[in-house]
Structure formats: structure tokens, C-alpha cells
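Colleague: I have a model open here and would like to go through it with you, pocket and sheets alike. Could you take me through what has been computed?

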Amino acid sequence: MFEKINIRMLGGFSVTADGKTLADSETKMTKPWQLFCYLVLHKDRVTSADTLLHEIWGDEDLTDPQNVLKNTIYALRRSLAGNVKPGETPILYRAGGYCLNGRIKWRVDVDRFVDHCSAAQRCRGGIDARTAAWKKAEIVFRGELLPRLSGEMWVMRAQRELAKKYLYCVQQLCEGLFEQEKYDEALKSTVRALRIVQSDEPTILLMFRALDKLQMRSEIVVAYNKMARFFEAETRRPLCDEIRNIYREAAKTVDKTAQDYTAFREELVETLDGRGSENGAFYCNYEVLKQMYAMTARSVRGKVIVPMLVTVQANAEDEEEAKIRTAEAMDDLRLAISATLRKSDIFAKYSQNQYAVLLCLVDLHEAEGVRTHLQNAYENAGAHADVRLDIRIPAVI
């Protein structure tokens, strides 16, 4: 039996057992490895067979689900440890479900990140000690959770919670770095964070403060030209006054034409590189969606283009509570749309409680199937019971 298994899940995936590599960046994320990742993320409990079938296979039509699960577990055990005694396998069967073998020392980067964050919050030392503690946590977070599975609903849910913790970590780290006047380090941390979560305004503000302290005026103009449009498209509001003031002061001394060209070129390169998931529907701002609709309508022959307008409404009586509930539900809905629709489908945020979705479908019957799958995915994403999902499919395009 293995003594120690190291698992990387942030920014990539790899498994090493007692120094032997069992999976790396070239390993295909087949169902056994997907199931393994799910068990690792929930390793402190026994996961029922029904839960595993629901999370890993979703709406797939399986002739014999229980047998499929057993065969997948068998394949996973062989991939991890070959033929070993039942009690020595890394994956155990307990009370109708499955869990990791507690006799093995599991070292998971996700756990290390969370533990370092907790340790940093408990730190009562001076500014140097607190900053060092947050830096330890930030270093462990090497990127998006399981990027090759980023279209899976259960990965999206976990990534959302980890991203919140990571952004808080970066903000706490930058506070310490600013106090130490280490503005270049703060800048690197914010730039890295914004590659993972592009529209977090507190982190954007910290980045501009660092650029301002470093007197990087050209970089301020380029960053603002790019981020202001993206942020407004995402939130329907401009960046805060402090960021705009930093930009205005920098723009006074910069050749704006040259900087606009640089920003334009960098945005095209980023688009080619791809900043989102390679799986699931493509998310963009509403202006892009309108242009994509116009191009699709002109180019498609023999197919019906169905723009699906998804409306989320909060039923809470208190107006402020309704706003909060709706915002949370919109996050869940974005996960549901990304996980449910295809790579060829496009969606954008139309308002504070609506997404517009562009589908390339053969007929409206197919669109009704999308309605069912989307409703189920929304509920599975942890949506609030007091926020109703209204999916409207126009009969005439």
C-alpha cells in the first residue's frame, strides 16, 4: 500500500504516489480520473454511489448505472495501485458509497492552499510575518482548479469558492506589500490574480494603485483601455472613481494613439490564446453577442437560429435581499449555462437578472430539450429556492 500520494489540482493535474508518477499533464481526463478528482475534493466524507453517478455522468443515459460505476471504480483502482488487497486500495467502499483510504497520507495542493489561508488569518505577528503568511498561500494557488475539467458543474462550484478565497488572499497580501512599499511584488500578484478572475474590482484597484506607485503611466493607459470596457460590459457600470482618476493623470503624459494600438494588439493576442474554458458555451459581453448573431444569421443555411432569453427573478419580499439573492442566482446560472450548452453556443449578460443565449439548433423541439437540461443544471448548481428561472424561447426568429 502507498504511504503518500501527492495530487496537484490547481493550474493542472498530476498524481504521484511514493515518488512514482501515476498521472500528469498528458493523462486523459477519463471518467475514472474525473471520479478520482471528485473523491479527492470531498475526501473527508463517504460519497454515495447516487451522488457520484449524478455528478460525474449527469444526464447521460446509462443502461446499468450501478455497473458503470463499479467498472469505473475498478479501472481507477487499477490505475492507482494495480491489483492489491481490498483494504490496501486507495479507494474504499463504505456504507453504500466510496471514499479515499485514510491509512494513506494524501497531500493535495487545494488543501495546502486552504490551510495556508487559515494560518495567515490566525497570524498575530507583525507586518512581515502576516505578509509572509499570505504569500505562502498565494504561491500554492497556481491557477484554475482542474482546467481540463472546467466545464464540469462540480468543478465550477468548487472553483468559484476557491477563487473567492484566493482573491481575499491576494488582497490581504497586497495590503502588507503596500505597507512594506513592495509595489512591484503587489503588481505581480494582482496581474496574476486578474488572469483568473478578470472583473474583480478590488483587485483591479490594487493593480492600478501599484502601477501608480511605480509611475508606470503607459501601462496604466493600456490596462485601463482594456479593463474598463470589459468591466462595464460585465457589470453595466464603470470602474470606480479612484481608478479613473489614476488613468486620467497617467493619460496626460502618454501618447494615447500609440497606447491604443498596443492595447488593441494585446487584446487580439489574448483572444487567440483563450482566457476561458475550452468546454461549454462561450461567454462574452452583449455587444459581441449581437455581432455574433448578425454574422450567424447571415451564414447559416437550413437551420433555425434560436436566441434563448433566460430570465432570473427573485421572489424575496425585501428589495435588498432580492438583489442579493438574484446576484447569487446569476452566478449559479452562469455555471449552469457553461456546463450545459455546447462550445458553439454563445451567451452574454443582458441585464442584472438576464442572460441572452444564442443557439444554433435544427428546430424548436431541440430547444425544448435545452430548456430541460438547463433547468436541471441550474438547480444542481445550488440555486436558491426563492429565485425562479424563466426560460423564454421565441417561436419566430
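Modeller: Let us begin with a term: a pocket here is an open set of grid points with protein on both sides within 12 Å along at least five of seven lines. Please keep in mind throughout that this is a predicted model.

Colleague: Fine, so what volume does the second largest pocket have?
Modeller: The volume of the second largest pocket comes to about 620 Å³.

Colleague: And which residues lie nearest its centre?
Modeller: Of the 29 residues that line the second largest pocket, those nearest its centre are Gly58, Asp59, Ala339, Thr340 and Ala377.

Colleague: Which elements give two or more residues to that lining?
Modeller: They are the helices α2 (49-57), α6 (153-179), α13 (319-340) and α14 (364-380), together with the strand β11 (354-361). Among these, α14 gives the most to the lining, with seven residues.

Colleague: How do the lining residues divide into nonpolar, polar and charged?
Modeller: Ten of the lining residues are nonpolar, ten are polar and nine are charged.

Colleague: Let's change topic. What is the strand order in the open sheet of four strands?
Modeller: The order is β3-β2-β1-β7, and the pairing in this sheet is mixed. The edges are formed by β3 (20-23) and β7 (105-108), each of which pairs on one side only, and from one strand to the next the twist averages 20°.

Colleague: In which sense do β1 and β7 pair, parallel or antiparallel?
Modeller: β1, which covers residues 4-8, pairs with β7 in the parallel sense over four bridges, and one residue to look at is Asn6, whose bridge partner in β7 is Arg107. Helix α4 (residues 109-122) packs on this sheet, where it touches β1 and β7, and the direction of α4 makes about 75° with that of β7.

Colleague: What about the open sheet of three strands, which order does that have?
Modeller: That sheet runs β4-β6-β5 with antiparallel pairing. Because β4 (47-48) and β5 (91-94) stand at the edges with a single partner strand each, one side of each is left without a neighbour in the sheet.

Colleague: How many bridges join β4 to β6?
Modeller: Two bridges join β4 to β6 (residues 97-100), and Ser48 stands opposite Gly97 in β6. Helix α1 packs on this sheet, touching β4, β5 and β6, with its direction at about 75° to that of β6. Helix α3 (residues 65-81) also packs on the sheet, touching β5 and β6, and its direction makes about 145° with that of β5.

Colleague: One last thing, how many aromatic pairs are there?
Modeller: The count comes to 15 aromatic pairs, taking ring centres within 6.5 Å as the cut-off. One of them is the edge-to-face pair of Tyr38 and Trp154, at 5.4 Å centre to centre and with 75° between the planes.

Colleague: Why does that pair tie together parts 116 residues apart in sequence?
Modeller: Tyr38 lies in helix α1 (residues 31-41) and Trp154 in helix α6, so the pair links parts of the sequence that are 116 residues apart.

Definitions and conventions
Residues numbered from 1 in each chain as written. Predicted model: local features only at pLDDT ≥ 70, side-chain atom pairs only at ≥ 80, totals over all residues. Heavy atoms only, no water. Pairing = 2+ DSSP bridges. Axes fitted to C-alpha atoms, helices over the stretch in contact; angles between N-to-C directions. Contact = heavy atoms within 4.5 Å. 1 Å grid on protein atoms, 1.4 Å probe; cavity = no way out; pocket = protein on both sides within 12 Å on 5 of 7 lines; lining within 4 Å. Points joined across faces, edges and corners; volume = space filled by probe spheres on them. Nonpolar A, V, L, I, M, F, W, Y, C, P; charged D, E, K, R; others polar. Phe/Tyr/Trp six-rings, centres within 6.5 Å; stacked < 30°, edge-to-face > 60°.
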